[in-house]
Amino acid sequence: MTAIPEPSRLSEKRESEKNILGWKADGGVQRKLASDGAHASARQGTLGGNGRQPAAGIDPSVLSSSGDTSRPLVAADKGRQRGGGGSRHLPSSAEEFSSSAFETDQPMAVPPPSSNRWRNWWTRSFWTMVMIGGFVGIILAGHIWVVLLVVVIQIMVYWEVIAIAHVPSKAKKMPWFRTLNIWFLMSTNYYLYGQTIIQYFKQSVFVDAFLTPLATHHQFISFSLYVVGFVAFVFNLQKGHYKFQFSQFAWTHMTLILVIVQSQFFVKNIFEGLVWFLLPTSLVICNDISAYIFGFFFGRTPLIRLSPKKTWEGFLGALVSTIVFAFFFSGFINQFPYLTCPARTMTTNSMSGVTCKPNPVFLPIDIDLFLSLQNLVRHVTGMEISHISITPFQLHSVVMALFASLIAPFGGFFASGAKRAFKLKDFGDTIPGHGGITDRMDCQFLMSFFAFIYYQSFIGSAELTAGQVLQSAVAGLASKDQLELFFDLRDYLMQQGLLTPNMASTAQSCCTLAPVEQNYTSKGEVVRVADFDVYLTGPRGAKHAIILHYDIFGDHPNTRQVADILGAKNFRVAIPDLFRGNPWPVTKWPPSEENPLQAVFAHVFKVAPFDTVKSDITATREFLAAEGSQSFGLLGFCWGGRNVCLLSADSAFSVGALVHPGAVTEEEADKVACPLIVLPAMDDSVEVFDKAVAVLKKKPFGEKIVYHRFTDVPHGFCASRSDFSNELMAKRANEALTMVHDFFVANFP
C-alpha cells in the first residue's frame, strides 16, 4: 500500500513545484515571475488582440508550441486534455497552476516566439478568407441557403455551449440526457421558425388546407412539445444526481435563450431583406478583423481582464475602420434589389431578377454643404461641390457600426467569461486558428438582435397587409362569419364600382382577385431551366401549376402581371422564355410596309418553332413537378393561345385556357385531351371558333367546355398590347382572368 504523505510535506511539495515552474502565490493571486522581475505582456490576440515580442528576460522555450501563451509549458502539455465538443482546456491540475490564475489583476501571458506568432497570423488569415468566400457564395445562392446556414450554425453553437458543462461520467447513468437536449432544441426551433414563417408568409400559409390548422394552433402545438420534454425530464430525475440534473436543465435553457432564440433574429432579418442580415454580420466581421490587425501590429495596452488578448489600440482602430467600412459598404449594397427587397418566396437567388418598390431609406437624398466646407473642397481639389448625394441607409449603417464596435464586443467578453469559468481556451477547434464556431459567433448574436430591433423601431413600416387581415379572418372567425364577411365585402366593392354584377355572378372569388394595373412591377423570380429563363410566381410546390404561353411580344410586364394575379391565388405559375430574349418588338407593331406581317411570322417561326416550344413547355412542366406540383394547366394569349390548343393534346395537362387566341382548326381541336375555356375578342373570327368549339363539345369532357366572346374589346386586350390604363380594357381583362381562374379551380383534379 502506498504511503499517504503528511499534510505538511504535501504542502511543501506543491509549493516547491510552483517555485520551480516560476509561479508564486501572492494573496490568492498568482503571477508569473520573469527573470528581470517584469510582468508578462498580454497574450497574442485573436480577433481584436495583439502580439508583442517576448519581454526581456523571458525564455521563449517556456512557451507552448501551440501558441497558447496564457501559461508556461508544463509536462501536461504533452497530452493536452480534451473536453466535450473538442474544446481545449487550460491547465487545472496541481502539477500546473490553480484556476485563480484567471483572476489576476495583471496581464499574465507572454507572446509566443516570432515564428509561432506569424504562423498563427497566416493560419487565421487563410481561414478567414475561406469563411468570407463561403459566406458571399451562400448570400448569392439565395434566401433558403442563408436560412440553412443560420440553422447549421445555431445547432453547432448550441452543442458547443452544451458540451462545456457536460460531465460524461454522470451523463452515462442517465440514458435520456442527450435525448432531452435534442428534444428541447427541436421544440424551441419548431416554435420559433413556425412563428417566423407564419409572420412573413401569411398569404401562403392561411390559404393552404394542410397548413392552416397548423398555423392556427401553432402556439398550442409548440407548448405541447415543450411539455413533453419537461415531463420526461422530471421522470428522468435520479437520486444522488439531482443537483447535476437541475444545473444541466438550467444550462440548457440558458443556451436556448442566448443562442437559439437570438439566432431567430438572423432569420427575421433575412426575410425583411438580405441587406438587414448582410450589413450587421459584415460589420462584426470587419470589426473583428480590424481589431486583430491593429492589435497585432500596434497593441500595447490591455483592454479588459476577462479577455487579456484585447487591447485599446485594437479596439479604437476597429471602431474607426468599422465606421468607414459601414458608410461605403452600405452605399454599395443598397443598389441591388436582390438584397434590399423583402423575401416573397424561399426560392429567390441573385440571378432571379428580383424587383420591388424600394424602401425610402434606399433612395438617395442631397445634402447641402456648409459654405466653409465648399471653400475647403474648392481649395483642395479645385472642384465646385455644393452638395453630396447619400442614402439614409448609409447614415443608419453608421449607427449600426457604432453598436458593432462599442457594444457587440461585450458578447465576446461574455463568452470569454464563460471560458474562464470552465477553464477553456476555446469553445472548440472546428476552425483552424480561430477555435470553435461559438468563438466566431459570440458577437454576432447580440448584433443580430440589435439590427432587428433597430429596423423595426426606425425603418420598417407598420402598414396593414392583406396577409394580416386574412390571418385575422381565418383564425378569429367561424365559417359562417367568414362567409358573411365575404358577401359584405362583395357588396361594398360593387357599390364602389370595383366589381360589376357580371363579375360577381361569374365567380365568387372575383372579389379577391387583384385587378390589373398600368406600370406594373413584377413580384416573382427568374430561374434557369435547361437553356432558357423561366419567370416563376406563386407558392413553390403548390399542388396546381399553370404554364403561361405568352404572345409574340414575349416576356412583357402585362403578362407577368397576369401570372402574379393567378400566383396570388395559390397557383404556381411559370412563364418560359420561348423566344430566349428575342421576341418581336412591340415598337414594330402593327405591321407596315417596312415590317410586313410575313416578316412577323417568319421571325416567330424561326426563333420559336412549335417543336422547340413543345420541348420547352415539357421541360418547364418537369421542373414544376420536381418542385412538388402534381397537376398542370396551360394558359395562352394570341399565338400562345393557338399553341396551347396544340399542346393540350398531351394528356400530361389537366386543363387549358385560350384567351383571344390565334385561329384554331377543327382538326386541331379534335386532338385536344382536356377541358378548355375559349375567350376570343371582338375581331377574332366567329366562324372559326364556333366550328372549333363545336368539335370540343363533342369530346367526353364536352360539358366542361366554356366559350365566351368579348364583343367590345379588340384582340390582345389581356396581354402585351393591352392598355390597362383604359378603363374598359382593364375591366374586360379582369373579367377574363376571373373566368380563367374559376375554370381552373373547377377542372383541376
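Let me start with H218, which touches Y190, Y191, G194, Q195 and I198 when residues up to four places away in sequence are not counted, where contact means heavy atoms within 4.5 Å. H218 sits in helix 8, residues 218-235, and helices here are DSSP runs of H or I with at least four residues, while strands are runs of E with at least two, both numbered from the N terminus. At 3% relative accessibility, H218 counts as buried, a word that means under 20% relative accessible area, with exposed meaning over 50% and partly exposed in between, using a 1.4 Å probe and protein chains only.

I should say that this is a predicted model, in which local features need pLDDT of at least 70 and side-chain atom pairs count only at pLDDT 80 or more, although totals for chains, interfaces and linings use all residues. Residues are numbered from 1 along each chain as its sequence is written, and side-chain values use heavy atoms, with hydrogens and water left out.

Next, the cores. A nonpolar core is a set of buried Ala, Val, Leu, Ile, Met, Phe, Trp, Tyr and Cys residues joined through side-chain atoms within 4.5 Å. The largest one has 77 residues, and L635, F637 and F744 have the most contacts inside it; its largest share, eight residues, comes from helix 27, residues 727-747. If we leave aside neighbours within four places in sequence, F637 is in contact with residues including L548, Y550, V562, V659 and C718. A second, separate core of 71 residues includes L185, L274, V275 and W276.

Now, which residue has a positive phi near 55° without being a glycine? One such residue is C638, which belongs to strand 11, residues 631-638, and is buried at a relative accessible area of 6%. K423 also has a positive phi, of about 55°, although it is not a glycine. K423 lies in the loop between helix 15 (409-421) and helix 16 (437-441), and it is partly exposed, with a relative accessible area of 24%. For background, most residues other than glycine have a negative phi.

Let me turn to helix 11, residues 312-333, whose 22 residues reach 31 Å from the first C-alpha to the last, close to the 32 Å expected at 1.5 Å a residue, the expected span being 1.5 Å times one less than the number of residues. Its buried residues, among them F315, L319, F329 and I333, pack against helix 10 (275-298), strand 3 (302-304), strand 4 (307-311), helix 12 (337-340) and helix 14 (392-406).

Finally, the empty spaces. On a 1 Å grid over the protein atoms alone, a cavity is a set of points where a 1.4 Å probe fits but cannot get out, and a pocket is an open set with protein on both sides within 12 Å along at least five of seven lines, while lining residues have an atom within 4 Å of a point. Grid points are joined across faces, edges and corners, and a volume is the space filled by probe spheres set on the points.

How many cavities of 30 Å³ or more are there? The count comes to eight, and the second largest has a volume of about 130 Å³. Helix 5 (177-200) and helix 9 (242-272) each give two or more residues to its lining. The second largest pocket holds about 590 Å³ and is lined by 27 residues, of which M131, F135, I153, I285 and M441 lie nearest its centre.
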